[in-house]
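Dear colleague,

I am passing on the structure we spoke about, and I would be glad if you could look through it with the notes below beside you. Please take your time with it before reading on.

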Amino acid sequence: MSSIGTGYDLSVSTYSPDGRLFQVEYAAKAAENAGLAIGLKCSDGIVLAVEKIVQSKLLVKGANRRIMSLDNHVGMVSSGLLADGRHLAKRGREEAQSYRDQYGAPMTLKVRPDKPASVVSSLMAKGWSSPCSQALIERVAMYEHAYTCYGSVRPFGISTIMAGVDKTGPQLYVVEPSGSYYGYRASAVGKGKQLAKTELEKLDLSNITVKQGVMEVARIAHLVHDDNKDGNFELEMTWIGPETKGFHEHVPSQLLQEAEEAAKRALEEAMEED
Amino acid sequence: MADMINTVNMERLKKGEVNLGTSIMAVAFEGGVVLGADSRTTTGSYIVSGLQTYPNVRDQAHLFLNLCNTFHYHAQFYAAQHDSRPPVHTIASLFQSLCYENKDRLSAGIIVAGWDEEQGGQVYNIPLGGGIFRQPWSIGGSGSTYVYGYCDATYKEGMSEDETVNFVRNTLALAMARDGSSGGCIRMCVITKGGVRRIFVPGNELPKFWEGAELIETKRAISGKPEISLPATAGEGMVVQ
Amino acid sequence: MNHHPGAWGQTLTPHQRFDAYSSSAPSRYQPSTSGSGIVGNGNDHGFYDAPGGNEAVMAGGVVGHTQQPLVTGTSVLGLVFADGVMLAADNLASYGSLARFRDIQRLIPLESSKHSSSCLAVGGDMSDFQYLQKQLETMIINERTQALGDDHPSLGPVQIYEYLSNLMYARRSKMDPLWNAMLLGGVKDGESFLGYVDLLGTTYTSPTLASGFGSHMAQPLLREAYEKRQAQGKSGEREGELMSRDEAVAVLEDCMKVLYYRDARSMNKYQIATITAQGVDISASKSNETEWKFAEGLRGYGPQKQ
């Protein structure tokens, strides 16, 4: 950060002379340094996972859950400031519910996953001044974006993975503090995301099932985690797939345990080989 | 998609005059739906096709027009926000909420029918009160009560487009023949993936069914008394309701 | 509504104004006649005129409320058995006396998790039922999404019943009731629950319940079967005090048959919901064998030759 201290980083409503919004970049830093979160889009559903560093031995095991639901069919996990994540989830739930009230159908994550860029252009052609599509991801991203436009607020200090299964199939997106969002087949946010992404790239993402996904995500989480630096961690994992009938639910503890044991074994084997 | 509303121009009614009805119908077949209505002018009938509206009857109650405008706004809004036309179910449930929330004021029995990519041909009935019921075929209006039996006896699953058009034509002709509040011509439209096709059946080309026996003249004897005498009391073979 | 020309322009009582067959005008807002208009708002469009009688007016400063039910479902039944609760309802939604919709499911599974499951059986106005269904769905999604986020206590049948009771009572207190009578059945942590709520917000619970016509005709039969089984259980002839699954189904089938014979708004096509710790299972539609031979020998009133 060469420009630190030049005075252009005090407000989100002031650009630096080279056109940057430092507060937004700092917010992204807050997200990068928190526990790793992984999202995986499979052929038959999605898997979300988060690495929870055990802050204190006094905390109840398994408590303080981090992955949240926005609707029956949409889950989200964020890395960064916990309270920011909860606030965003609350907003997402309200959006999803108001859509249900209005149209009597569950909200999709994206309106036309097949035609990504057409929404804005078609709206502009119809004379709409403020194009905002009725898609959950867009609504949530626009909300985050609003917090980068005013001097009186601070941007969200989180990177968020939002995933769900709607009528168009499994969907996965990552929203950044700037309010920009991208669709992925798999992604990771938080500490060690680069290594996690490299591992995710090795998977056969077009054919993987959620069951296999659970095993792979557990393996990657254990691989990326550094016990010596960060201490112990808990792995929290949710999924949507044939087993959950389209609902966003916790991966059954037995399956999660199996996945973690397999992950640890794989790690040990790899260590021995080295 | 399209929808039909049967309602009445309240402002043109005489005080105390009862609602004069109509007959409307929609039937789903594989690949689309057929909608039909008679053309009596005390009623309103409105067909909305895609995002274009065709008012096809002279008078509409202001409330009913409001309803259609509101709907039209919703449909356009949806299209703008979703970059695609709303599915039939969405239109139907929008209508349903409008009808339910204004059940005190609305007097419209509505059939919403259409075709979309997701579920193909669909028919939704939104009767008074504002409930919503999906049906393979649906009839409405005052004339409909006379033809429930005909529909039950005639409808078969898996009818072709032509069979469905005939079914609608015959049902409406029968309803118009028995219901004094229905009549005139039949307007139909067939909605498929390819678009909307309109069919018009003029009043003199309606399908004909049994219309009563030849006139039985009352033969009177020279005395002027009827030849046939009626039993004074309810006797055998008489069914008392 | 009397469609006879002779009746046009006549003052009608609210009862007369109800036209079960008309799909175009709810009776209460049909134009009033000169004799019945009360609140004079100076327009003669009919639409905003006072419908007269005891009904409120939209434009006269009084809020228009209470309707009559239009599309209706008839009685529903409920019964506690050994593994949980069973509910039964037929598939008919009537429009006055017209059997208008004959493939309506009036049993709705509400939630089922490893801890609890519940199901609702609804009679009365079908549009209010659909509204209620949406309200419950909203609440359940809300609770479910929060329950995943943290160790939020999950909903059980007792909580849903409480919500329903409050909703129904609040609406009747606004003089705008949801025109329904319903039964809520559920199981949570091995405990069975069965409760009744209606449009007045009246609530009661019992191991056997029925609404509407069923409360007169089916409830005694359900109670008899239930009590008989309890007595047998106590004397030690059979283990357990509650009916087995098969016995419960048999009693419900019997009750549905009696109701079909005697309730003119019923239909011989119905479903049974079985709510157990394993979840909610709603049967396919089924019919009862009926017996009409006795009718052949019946002779009506009046002179008969045979």
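A good place to begin is a single helix: which residues of helix α5 (residues 193–201) of chain A are buried? Bearing in mind that this is a predicted model, the buried residues in α5(A) are K193(A), A196(A) and L200(A). They lie on the same side of α5(A), because the arc that they cover around the axis is only 60°. An α-helix has 3.6 residues a turn, so residues three or four places apart point the same way. On the face of α5(A) that is turned away from the buried side one finds the exposed residues Q194(A), T198(A) and E201(A).

What, then, covers the buried residues of α5(A)? The cover includes two strands of chain A, β1 (37–41) and β8 (186–189), together with the helix α6 (210–224) of that chain. The axes of α5(A) and α6(A) are 10 Å apart, and the two helices pack at an angle of about 145°, in a crossing that is right-handed. From α5(A), the residues L195(A), A196(A), E199(A) and L200(A) take part in this contact, and they meet I220(A), L223(A) and V224(A) of α6(A). Sorted by class, the residues of this contact comprise 6 nonpolar and 1 charged, with no polar residue among them.

Turning to chain B, you will find an open sheet of 5 strands, whose order is β10-β2-β3-β11-β12 and whose pairing is antiparallel. At its edges are β10 (137–140) and β12 (195–201) of chain B, each of which pairs on one side only, and from one strand to the next the twist averages 15°. Strand β2 (residues 24–29) of chain B runs antiparallel to β10(B) and is joined to that strand by 4 bridges; in β10(B), G140(B) is the bridge partner of I24(B).

Chain C, finally, has 306 residues, of which 42% are buried, and its secondary structure comes to 7 helices and 13 strands. Among the contacts in chain C with a separation of 6 or more, 61% are between residues 24 or more positions apart. Where chain C touches chain A, the contact takes 8 residues from chain C and 11 residues from chain A, and the chain C side of this contact is made up of 2 nonpolar, 3 polar and 3 charged residues.

With best wishes

How values were computed. Residues are numbered from 1 along each chain as its sequence is written. Chains are lettered from A and ligands numbered from 1 in the order in which they are written. This is a predicted model: local features need pLDDT of at least 70, side-chain atom pairs count only at pLDDT 80 or more; totals for chains, interfaces and linings use all residues. A residue is buried if 20 or more other C-beta atoms lie within 10 Å of its own, exposed if 12 or fewer, and partly exposed in between; C-beta atoms are placed from the backbone. The arc is that of the directions from the helix axis to the C-beta atoms. Two residues are in contact if their C-beta atoms, placed from the backbone, lie within 7 Å. Ala, Val, Leu, Ile, Met, Phe, Trp, Tyr, Cys and Pro count as nonpolar, Asp, Glu, Lys and Arg as charged, and the others, Gly among them, as polar. Axes are lines fitted to C-alpha atoms, for helices over the stretch in contact, and angles run from 0 to 180 degrees between N-to-C directions. A crossing is left-handed if the near helix is turned anticlockwise from the far one by less than a right angle, and right-handed if clockwise. Two strands pair if DSSP finds at least two bridges between them.
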